[in-house]
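Me: Please take a close look at a single part, the place where strands pair, and set it in its surroundings. I would like the cut-offs behind each term stated as you go.

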Amino acid sequence: MTARAIGEADGAFERPGDERDSAEIPRERGGIMGFLTTVDHKRIGVRFIVTAFVLFLFAGVLAALMRLQLAVPENNLIGPDRYNQIFTMHGTTMMFLFAVPIMEAMALYFVPLMVGTRNIAFPRMNAYAFWVYLFGGVMIYTAFILDVGPDAGWFSYVPLAGPEYGVGKRSDFWAQLITFTEVSGLLVAVSVITTVFKQRAPGMTIERIPLFVWAMLATMFMILFAMPAVMVGSTSLILDRLVGTHFFNPAEGGDALLWQHLFWFFGHPEVYMIFVPGLGIVSAIVPVFARRKQFGYPAMVVSLIATAFLSFGLWVHHMFATAIPDMGKGFFTAASMVIAVPTAVQLFCWIATLWTGRPALRVPLWYILGFFFILVLGGLTGLMLASVPLDLQIHDTFFVVAHLHYVLIGGAVFPLFGGFYYWFPKFTGRMLSERLGLWNFWLFFIGFNVAFFPMHILGLEGMPRRVYTYSAAMGWGTLNLISTLGAVTIVISVALFLVNVARSLRSGAPAGANPWDADTLEWRLPSPPAPGNTQGIPVVNSRTPLWDDGIVGEVRGLASSPPEVLVTSGLDAHPDHRMAFPTPTIWPLVAAIATTALFIGSIFTPWAVVWGAIPVTIAMIAWFWPSHAETRRHRALEKPPFAEIAKARGEERTA
Amino acid sequence: MSSVQTAAPRRDIDARALPSYGYGASSLMWWGTVGVMAIEGTVFALAIMMYFYVRTRVDVFPPDVPPPQLTFGTLNTLILLASCIPNQLAKKAGEREDLPAVRLWMAVCVLFAVAFLVVRGFEFAALNVRWDTNAYGSAVWFLLGLHTTHLATDFIDTIVLAVLMWTGPLERHRFVDVSENALYWWFVVAAWLPIYFVLYWAPRWM
């Protein structure tokens, strides 16, 4: 059976390209156009990581300013209005523009490499996701510099952020920033999930997926189901402010607590969207430096999935100080304690791995040890906060500030810095300095504890969060000064990291493909990997393919123009088909600019949604519309799934 | 490309023998579409949750206004359900790679889309409440607006794809797009049914 499509004979289809067509290889373009049009997951991943890190530095500077203001009682370095904007920008940046995006960016860079494929699924959509994210960040910092930065806290509670009290445009910028980051995050999530299920190297069955990839997969599913809540929330907020809806207006049958439910139904899983990738990084680093395979792989995978599920059952513990029924509080207390179990399981598995291995104390492992210490302390205060009577006492005090920084810096930033040291050679081909790295680690570790441990005591003594100053008579001066000294130490530590990066980029020791003798597939490739990653996708038969001769073959015969990717089956990673992947294009950038005009315009007039939709639609159609040359190249490689088509036609299957 | 492989390749796979696309769950487009459906399904569920949350804030429901008129909402439900027939025929034609049938049924789908977008306009006019009347009105307009956004985007998607199937440039992989476009349409119809009962019948039954 030839199974020619009806119509193919009469010329409805593009004529297949000849040999010359398929030989012209669209390599990564250089120059400014190459920069603007790239769809390579590594280039987009690196610029995502760099952007998120720059925003981390911005938010860190804001944190340092707050610590300077609070260093002594009755300080007047920063006034109350600016201080409100500063703590709101600090929290908003760290949560929405740094922590979640940088973890997504790590997935964008490493998931395709670790599963052995040539690009992320939907690469143009990822380019769009990056631009939208970048423009959102530029918008909010422009607003902040112009003194219209948001000032109602990173969770933007109504009625403070609502039309009655949140006058001006400050909270509207906040609400649209959320839209920018969520659009970007959701698109990356869909791409990573598809990549993990459909583009794994042949032989990488689900019980051979690296734990880092499992962690990212769990995270992306959390993003898929949690981020819609904050999008619905921020859209309702801006509608209340802009066109007079009454979602959060109790006088017209709305309810301020509805906002808190919507926000925390997203906000609590968000903590785990930041923390679970951190767990993935720990699981990538621990076995390599313990020089043995990870202990308890199945328990680790089940724990990651359990954490992702349970994270959706905790949100009300942020609302213990509201009029929630006691029965509800009891449930959420129990759930908040239960989620400690899967994390503890993973901790014990890592300890077992290190205990029975031969640990090599290099900088990445030091960061993981720092993670153990800080995270456990943050987890313990989390259990304290999960109990309602204690929570009522210390709600909205510095105790909570201490707790959340122990969890987020311990659980995510320490693994992330460990990950930077571990993977920097892969990004750049050069090693970071070990000596500067140790200084960086110890100053960070000591500075962190000096900065944040005193806040526990300040909170128990009753110092509230989000106050721009306090009276000397309260007796909080000494601990605040100590805390500020800790913050200065962290600033020095991060500055040393930047020095380390700059020196390494200029004159770091060459790394080679696999400087740590690591086990996963990204280390098989040269550092940094070439565009398109690999011509021959590996065939694997092991969970740790580089440690036990687990690469047993290669996939041959994939075209490089257009770049073809092997698509495999979801569970067993059995070869299914080869697919021509998109080539570089300017349209994702154009569509992102049009989207930005729509989002920013809608802060000022609802009609922007109508008029702004027109350029967005045009850009999206131009993005989708195929060219003759591209279609010819695809046709040259085309091979229909004859059996499937015959089945759809009700014909007998033939070989 | 250099590599640090330690073993000589033994189980090579020749990809040239594999097809260059596949239908349903074997295609990446299916996974992308299902991912988007998961996100938007969550958004619909949350919007319905908001509606009932607002319901708990008042004693009389709907507060101070009559429920939406049934005529246009019910008519549109029937049109949406009827549109499933050409939609499924377009999907099957795509999977058979039957180009004339794809062109025909996609054109019929576009006509249906025009019909329900027009009727949707009358639906908005017959809600008996404005978005700024009270929180109930806000929730009603949010739900209907959300679903209308999906109708409009899928209308544009379908037109663009239908035009491409008429004019080219064509490759056979586009038949997968036809199939996935139809899958998404099923989702838009399936999402409408609970919204229809919430908007038009919950105020009468509760």
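Reply: What follows starts with the sheet and then widens to the contact between the chains and to each chain as a whole.

This is a predicted model, in which local features need pLDDT of at least 70 and side-chain atom pairs count only at pLDDT 80 or more, while totals for chains, interfaces and linings use all residues. Residues are numbered from 1 along each chain as its sequence is written, and chains are lettered from A, with ligands numbered from 1, in the order in which they are written.

The part in question is an open sheet of three strands, ordered β1(A)-β2(A)-β1(B), in which the pairing is mixed. Strands (E, at least two residues) and helices (H or I, at least four) are DSSP runs numbered from the N terminus, and two strands are taken to pair if DSSP finds at least two bridges between them. At the edges stand β1 (537–540) of chain A and β1 of chain B, each with a single partner strand, so one side of each is left without a neighbour in the sheet.

Within chain A, four bridges pair β1(A) with β2(A) in the antiparallel sense. In that pairing A:V539 stands opposite A:G553 of β2(A), and A:V540 stands opposite A:I551, also of β2(A). Across the chains the sense changes, for β2(A) and strand β1 (residues 13–14) of chain B run parallel and are joined by two bridges; here A:V555 has B:I13 in β1(B) as its bridge partner.

Burial adds to this picture, with a residue counted as buried if 20 or more other C-beta atoms lie within 10 Å of its own, exposed if 12 or fewer, and partly exposed in between, the C-beta atoms being placed from the backbone. In a regular strand the side chains alternate between the two faces of the sheet. Both faces of β1(A) are covered, since A:I537 and A:V539 on one side and A:P538 and A:V540 on the other are all buried. β2(A) is mostly covered too, with five of its six residues buried.

The loop between β1 and β2 of chain A holds A:D549, which has a positive phi of about 45° although it is not a glycine. A:D549 counts as partly exposed, with 14 C-beta neighbours inside 10 Å. On the other flank, the loop between α16 (477–507) and β1 of chain A contains A:P528, and the peptide bond joining A:S527 to A:P528 is cis, with omega about -15°.

The strand pairing across the chains can be set beside the contact between them, to which chain A gives 75 residues and chain B gives 60 residues; two residues are in contact if their C-beta atoms, placed from the backbone, lie within 7 Å. Among the elements of chain A that give two or more residues to the side touching chain B are β2 (551–556), β3 (564–568), β4 (575–580) and α18 (607–624). That side of chain A divides into 42 nonpolar, 18 polar and 15 charged residues, where Ala, Val, Leu, Ile, Met, Phe, Trp, Tyr, Cys and Pro count as nonpolar, Asp, Glu, Lys and Arg as charged, and the others, Gly among them, as polar.

As for the chains themselves, chain A has 20 helices and four strands. The radius of gyration of chain A, 26 Å, is close to the 26 Å that the globule rule gives for 655 residues, so chain A is as compact as a globular protein of that length; the radius is taken over C-alpha atoms, and the rule is 2.2 Å times the number of residues to the power 0.38. Of those 655 residues, 55% count as buried.

Chain B has five helices and one strand, and follows the pattern β-α-α-α-α-α when read along the sequence. Its radius of gyration of 22 Å is well over the 17 Å that the globule rule gives for 206 residues, so chain B is more spread out than a compact globule. Of the 206 residues of chain B, 43% count as buried.

Chain B also has local features in the loop between α1 (28–55) and α2 (70–96), where B:P62 lies: the peptide bond from B:F61 to B:P62 is cis, with omega near -5°. B:D64 is found in the loop between α1 and α2 of chain B as well, and has a positive phi of about 65° although it is not a glycine.
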